[in-house]
Every structure is written in structure tokens, then in C-alpha cells.
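Biologist: Please take a close look at the salt bridges in this model. I would like one connected account that a first-year student can follow, with the surroundings included where they help.

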Amino acid sequence: MSKRNKNRKSNPQNAPEVQQTLPAIADLPAVLPEVPSLVVPRPVVPSPIDKQPLVETVVPVALAVQPQPKPVPPLDGVEIGPCPACGTAWVKVLFTSTDRLYATTSEEFQVVECCSCRLIRLHPQPRPDQLPSYYPRDYWFTPAEGTADRLEQWYRRLVLGDHVRFVHRAIVESKASGTVLDVGCGGGLFLRLLADRFQAAPPGSGSVARTNREQPLTLPSPFVGLDFSLDAAKAAWGHLGVPVTCGTLASAPLAPGSCAAVTMFHVLEHLYDPGSYLEAAHGLLKPGGRLIVQVPNAGCWQFLLFGERWNGIDVPRHLIDFKTSDLDMLLDACGFEVIRHKYFSLRDNPAGLATTLAVHLDPMSRRLRHVEESDRMRLFKDLVYTGLVVASIPFTVLEAACRAGSTIMVEARKKS
């Protein structure tokens with residue numbers, strides 16, 4: 001052994017000063033006996049005579065690991081359950097409202113907006129055993145005798161032509177044959193009118209023939225409705241001859257891949273889990289089959305202008321209030337490709353604005369709230385309401401032209 005090494009080994013005073021501080025640092029675990037230790041390499045300053053290796057210094061983990069800061073909540077945010085779209089718990093309360101349209105309850109509910117993805121929804125959502133009480137009997141339209149009823153039936157047939165043309169075009173362009181299922185069919189009038197249109201303009205005639213000359217469309221058969229209400233099913237069968245089954249879409253008595261088209265007009269906003277219905281529709285459709293969905297548009301001008309008074313909120317029956325981006329993302333996640341949007345509905349947009357402005361004149365609201373009125377007074381109110389609907393058409397057409405109409409109708413194709 002060289003003399004230099006002997007001196008270094010026998011004379012500890014030649015060690016660097018950092019080694020003399022080790023006992024003080026090593027005493028730290030005695031102060032924090034419960035904290036595990038982490039070995040951190042620490043360089044030693046080399047002496048003029050020789051270079052020393054790295055010395056391992058024991059440092060408590062509590063000193064080495066910095067705690068992560070907690071997320072800062074929004075200034076005006078409220079923490080509730082997770083958002084069904086993004087999982088964020090923080091929301092902004094937009095307003096508080098109750099059932100303005102049918103007065104089924106005096107309980108107040110909050111309409112909240114997610115602080116992350118901005119999805120708008122009802123809070124708290126009614127329990128499943130409470131929800132049926134917010135839907136009055138005869139929630140759908142059943143024709144009766146009398147001048148006012150005949151006028152209302154004529155009006156409904158007129159404005160539903162907008163829906164019929166949209167769905168008819170979608171089925172024709174899909175070149176698919178099979179069952180046409182209307183989810184939430186109510187009294188079945190839409191299916192009756194759609195079937196009549198196919199019978200009046202069979203494949204190979206009129207505009208249908210021009211758009212589909214090479215591959216004529218097979219008439220979709222049968223037309224089937226689905227609804228929760230047994231009374232609605234009876235009304236559809238009895239008055240219009242439309243077959244209707246009761247239950248959920250997942251339990252519909254239809255074979256997978258048997259449908260040419262599935263329609264859902266004002267259904268998704270009433271559901272706790274709209275994605276499950278879209279997935280069920282995906283399973284029922286044939287490859288390339290069409291899904292047609294319509295919901296109120298929470299991105300419309302009417303909502304910006306009237307807020308809680310806007311008819312499209314419909315507390316407490318509407319659990320989720322969609323914007324176009326919300327609906328498109330949900331459709332894509334459930335296996336659908338969006339083909340086209342439509343922001344104007346002759347049945348819904350002008351009448352929705354009229355009801356927002358004068359809810360006490362809405363014919364269905366008066367009927368379901370059992371407002372006492374003579375036949376003459378009922379006819380007078382219906383005519384005033386109709387005039388208000390007609391006066392609302394220019395504004396609703398303008399907002400729809402700006403892609404801000406009060407409803408969104410979407411045609412989507414099942415992805416292969």
C-alpha cells in the first residue's frame with residue numbers, strides 16, 4: 001500500500017468537511033421516525049490530494065417529495081355529482097326553475113352547466129320512481145270530436161310533414177329495406193303519415209324515382225312504434241292502426257340488424273343514460289341504416305334571450321339539454337357518422353317560441369292542466385295561439401339559418 005493511501009486511511013482528518021456533517025444529517029430520521037427514507041446521491045468536493053467518490057446522504061422522503069397542489073375550483077362553481085360527459089364534478093348554476101308548462105309539481109330544480117365541457121343538465125335529477133308523476137296522463141295527442149279538435153288534428157298533420165320529408169329522404173338515400181322504428185311514438189301520427197307517404201309515392205315514381213332510379217327502394221315494412229305508455233299504444237293502434245310495443249329500446253322485440261331506420265324525436269333529453277339508447281339503436285340497424293334524432297338546442301338564440309322561460313328547458317322532464325357539439329360527440333362515441341343537421345322544425349320551433357311567450361295559451365298545456373273553458377273560448381284561445389305561432393316563424397327561420405335554431409334534427413349513418 002502506498003504511503004499516500006496509508007495516510008488517508010489512518011488519518012480521518014484528511015477527509016472532506018462534508019463527511020464531518022454526516023452525523024448531523026443522519027440524525028434527521030430521529031426527528032421524523034415515522035417517515036421512510038430516500039437515498040439521494042450527493043457529490044463530494046474533491047480534495048487537492050485525491051478525488052473522493054460520491055457519498056450517499058440519507059434524506060427523509062418528507063423533505064424530498066413536494067406535495068401536489070389541489071385543483072383550484074372555479075370561483076362561481078359548485079361541486080355536485082360527476083358530469084355524464086366528462087366526469088367533472090364542478091358546475092355553474094344557471095338558474096332555478098319549476099314546471100311552468102304542466103304544473104305537475106311546485107318543487108324547484110337547478111339547471112347547471114359543467115365547468116369543463118359545458119354540458120347543461122338538471123340538478124338534482126328526479127328519482128326513477130318520481131319521474132312518471134311529472135308526465136300527465138294523455139301526454140300525447142288523441143283526436144276527439146269538435147271543431148277545435150279537428151283543427152288541431154289538421155294542424156298537426158300539416159306541421160309533421162317537415163319530419164316526414166326529412167325521414168323519407170334519409171331512408172330513400174340509404175337504399176335500405178326493413179323495419180322503421182319510431183321510439184317515443186306517442187299516438188303514432190308520425191308513423192301513419194310516413195307510411196302514407198311511401199304508399200302515395202312508391203319506389204320508382206316521382207322525386208323518389210329520380211333520386212334512386214338505378215336501385216329502387218323496397219317499401220320499408222312494417223312500421224313499428226315504441227313507447228313507455230300503454231295508453232299511448234292503445235291510442236296508436238285504435239285511432240291510426242299503427243302497431244306499438246311498450247317498453248325500453250333494449251327490450252324491443254326486434255331482431256338485431258333488422259331496421260332500416262330508427263327515429264327518436266324529443267326522446268334523448270328525457271333519459272338518464274341517452275348513450276344506452278343510441279347503442280341499442282346501433283344494434284338494431286342494418287349496416288348503413290339511418291338514425292334520425294331530434295332534441296331541443298341549448299345553443300339557440302331563444303335560450304340566450306329567455307333563459308329559464310325558454311320552453312325547450314321543460315323542467316323537470318328534460319334531464320340533459322344538448323347543444324350540437326354535445327349531440328355529435330355522443331353519436332360518434334356510440335358508433336354513428338353524422339350526415340346532416342337541420343335546425344328548423346315547422347312543428348317545434350315557431351310553436352316553442354309561442355309557448356315561451358304565452359305559456360297559458362299553449363293548447364296542450366291547457367288541456368293537460370284541465371283548464372275550464374267553453375268550446376267558444378277554447379277555439380278563441382287556439383286561434384290566438386295559432387296567430388302567435390305564425391308571427392314567430394320569421395324569427396325562428398332566421399335563427400335556424402344561423403345554425404342556432406331551437407331544435408336540432410340529425411341524420412346519422414351506422415358505421416360499418
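Modeller: In this predicted model, Glu 373 and Arg 366 form a salt bridge, and their closest N and O atoms are 3.1 Å apart. The two partners are not equally covered. Arg 366 is buried, because its relative accessibility is 4% and the limit for buried is under 20%. Glu 373 has 24% relative accessibility, so Glu 373 counts as partly exposed.

This pair does not stand alone. Arg 366 and Glu 373 belong to a network of salt bridges that also takes in Lys 381 and Asp 382. Across the whole structure, a search finds 16 salt bridges.

Two further pairs can be set beside that one. The first joins Asp 326 to Lys 323, with an N to O distance of 3.6 Å. Here both ends are covered: Asp 326 counts as buried because its relative accessibility is 12%, and Lys 323 counts as buried because its value is 17%. The second joins Asp 129 to Arg 127, where the closest N and O atoms are 3.1 Å apart. Asp 129 has a relative accessible area of 57%, so Asp 129 is exposed. Arg 127 has a relative accessible area of 47% and is therefore partly exposed.

The surroundings of the Asp 326 pair can be described through Thr 324. Thr 324 lies in helix α12, which covers residues 324-333. Thr 324 is buried because its relative accessibility is 16%. Once neighbours within four places in sequence are left aside, the contacts of Thr 324 are Asn 297, His 341, Tyr 343 and Ile 408.

Now back to the part of the chain that follows Glu 373, where there is also a nonpolar feature. Helix α15 runs over residues 375-401 and includes Val 384. Together with Met 377 and Phe 380, Val 384 makes a nonpolar surface patch of about 270 Å². The relative accessible area of Val 384 is 35%, so Val 384 is partly exposed.

Salt bridges are one kind of side-chain link; disulfides are another to check. The structure holds zero disulfides. Why is Cys 117 not bonded to Cys 83, the residue with the closest cysteine sulfur? The two sulfurs are 3.6 Å apart, which is too far for a bond, because a disulfide needs the sulfur atoms within 2.5 Å. Cys 117 is partly exposed because its relative accessibility is 30%. Another cysteine, Cys 402, has a relative accessible area of 43% and so is partly exposed too.

Finally, the strands. Strand β4, residues 90-97, pairs with strand β3, residues 78-79, in the antiparallel sense over two bridges. Within this pairing, Val 78 has Val 91 of β4 as its bridge partner. β4 also pairs with strand β5, residues 109-114, again in the antiparallel sense, over six bridges. There the bridge partner of Thr 96 is Gln 110 in β5. These bridges belong to strand pairing, while the salt bridges described earlier join side chains, as with Asp 326 and Lys 323.

Key: Residues numbered from 1 in each chain as written. Predicted model: local features only at pLDDT ≥ 70, side-chain atom pairs only at ≥ 80, totals over all residues. Heavy atoms only, no water. Helix = DSSP H or I, 4+ residues; strand = E, 2+ residues; numbered from the N terminus. Buried < 20%, exposed > 50% of the residue type's maximum accessible area, 1.4 Å probe, protein only. Contact = heavy atoms within 4.5 Å. Patch = residues over 30% accessible without salt bridge, like charges linked within 9 Å, V, L, I, M, F, W, Y side chains within 5 Å. Areas by Shrake-Rupley, 256 points an atom, 1.4 Å probe, with all protein chains shown as cover. Salt bridge = Lys/Arg side-chain N within 4 Å of Asp/Glu carboxyl O. Pairing = 2+ DSSP bridges.
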